[in-house]
Structure formats: structure tokens, C-alpha cells
Amino acid sequence: MSAPARPESIAALDRLLEALRTRGVVTDEELAARQASTDSASPETGARMVARAWLDPEYRALLLRDGKAAAEAMGVSMAGAPPLGVLEDTPARHHLVVCTLCSCYPRAVLGYPPHWYKSFAYRARAVREPRAVLAEWGTALPDSVDVRVVDSTADYRWMVLPLRPAGTEGWSEDQLTSIVSRDALVGAALPQAPQGAVGG
Ligand code: FE
């Protein structure tokens, strides 16, 4: 597949948007709202959802039951977004999210995907040898932990609810949010235990 040069692709997008407007499929207001929510999306939203779930059992239950509703409860507009599933890590199971086809990613709550997420190497290797990929990125999981790879698609997006690290007892939502990295939200890393923590 040869990608069109950028100016041509932008011109094509303009023509598509104009056609959708003319046919009344979308309005300028809807486009503007969607643009604003995508532009303001960042992984901190997902990190805060995780932190809140660690602190609040009711929110955790909502997050696991209906990710979109949990995002909306944080003030995120999910209008028109596909369903958001949340994968609960346990001491016995770790989840890794991939889009094997392209780059489907829950942008409304995580912002833009990292460059590696879209790479062919990641999409292929995450499925075949997730443990090796994780180990190369510094997350060596013991054999006792089952690694489940989950495919994000155009119809269903996924994020991970990682385990809360030991040593974070008594932490505030802000403190907890700060240790949940973008990569941890798709299982490519683990939230970092604070320095000096025992275990973790
Ligand atoms: Fe995709």
C-alpha cells in the first residue's frame, strides 16, 4: 500500500467532509465537538480512571461493567465512540492490548496511540510472543502470570486496569494517577512502584 502524499490526503479529507456536510450526515457543530474532545484527550484521563477505580469500589465496578459510562462519569464525551472494554489485571493474569489490523485505540480516554502501537512489528509480535515483547520493554512477568492478548477493533476498544502497586497505601487520586503511564493503560508496562517500596 502506498500512502498518498500528505497534501493530497488532506484535500481528499476535505472533499469527504464537504460531502458528509452536504448530505446532512454530520454538522459543523458535531465535527467541532469531536475535534475538541480528540484534541483534549490525553492518557491522563485513562490514568485517572484507573486511580479512581483503585480507590473507589463502586467506580471500579462501573469501569469494568461499562467503560464508556465510566469515562462519561469523568466528564469525557463519548458520543459516537465505540464501546470501551476494560480488562482487569489480577496477580495471575496480565492483559496486553493490540490492534492487529491497524491502530484502533481508545483515543477519547488515552489520546493518540504511541508510534510503536501502529507498527507492524508490534502488531505481529504482540500476538505471537507477548512475553518476549514485554520483557524487552522491561516488564519480565513470571511464568505464573498468564498473559492474555486482546484485540482492539473498530467496533470495540480496550484499555487495561492494572494492579495497584504495593507501597501506594494511603495515596491520593492525584498521586496514583501520576504513576499510571500511557503504556500501562494498554498493558505494555506496569505502574511503577514507588521508590523504596517493599514488594510490588
Ligand atoms: Fe485498528
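Read from the N terminus, the elements of this predicted chain follow the order α-α-α-α-α-β-β-α-α-α-β-β-α. That run comprises nine helices and four strands. The C-alpha trace extends over about 60 × 35 × 25 Å along its principal axes.

A look at the inside and the outside comes next. Of the 200 residues in the chain, 38% are buried. The exposed surface of the chain amounts to about 11200 Å², and carbon and sulfur atoms provide 55% of that area. Charged side chains can be tallied too: the chain carries 21 positive and 24 negative ones, and 4 Å separates the centres of the two sets.

How do the parts of the chain meet? Among contacts with a separation of 6 or more, 66% join residues that are 24 or more positions apart.

The interior can then be explored residue by residue. The largest nonpolar core contains 46 residues, and the members with the most contacts inside it are Met49, Leu63, Val109, Tyr122, Met159 and Val180. Helix α3, covering residues 43-55, gives this core its largest share, namely six residues.

Tyr122, one of those well-connected core members, makes a helpful example to find in the structure. Which residues does Tyr122 touch, not counting residues up to four places away in sequence? On one side of the sequence come Leu96, Val97, Val98, Trp116 and Tyr117, and on the other Val133 and Trp137.

Methods. Residues are numbered from 1 along each chain as its sequence is written. This is a predicted model: local features need pLDDT of at least 70, side-chain atom pairs count only at pLDDT 80 or more; totals for chains, interfaces and linings use all residues. Side-chain values use heavy atoms; hydrogens and water are left out. Helices (H or I, at least four residues) and strands (E, at least two) are DSSP runs, numbered from the N terminus. Buried means under 20% relative accessible area, exposed over 50%, partly exposed in between (1.4 Å probe, protein chains only). Contact means heavy atoms within 4.5 Å. Accessible areas come from the Shrake-Rupley method with a 1.4 Å probe; for residues, only the protein chains shown count as cover. Lys and Arg count as positive and Asp and Glu as negative; His and the chain ends are not counted. The place of a charge is taken as NZ of Lys, CZ of Arg, CG of Asp or CD of Glu. A nonpolar core is a set of buried Ala, Val, Leu, Ile, Met, Phe, Trp, Tyr and Cys residues joined through side-chain atoms within 4.5 Å.
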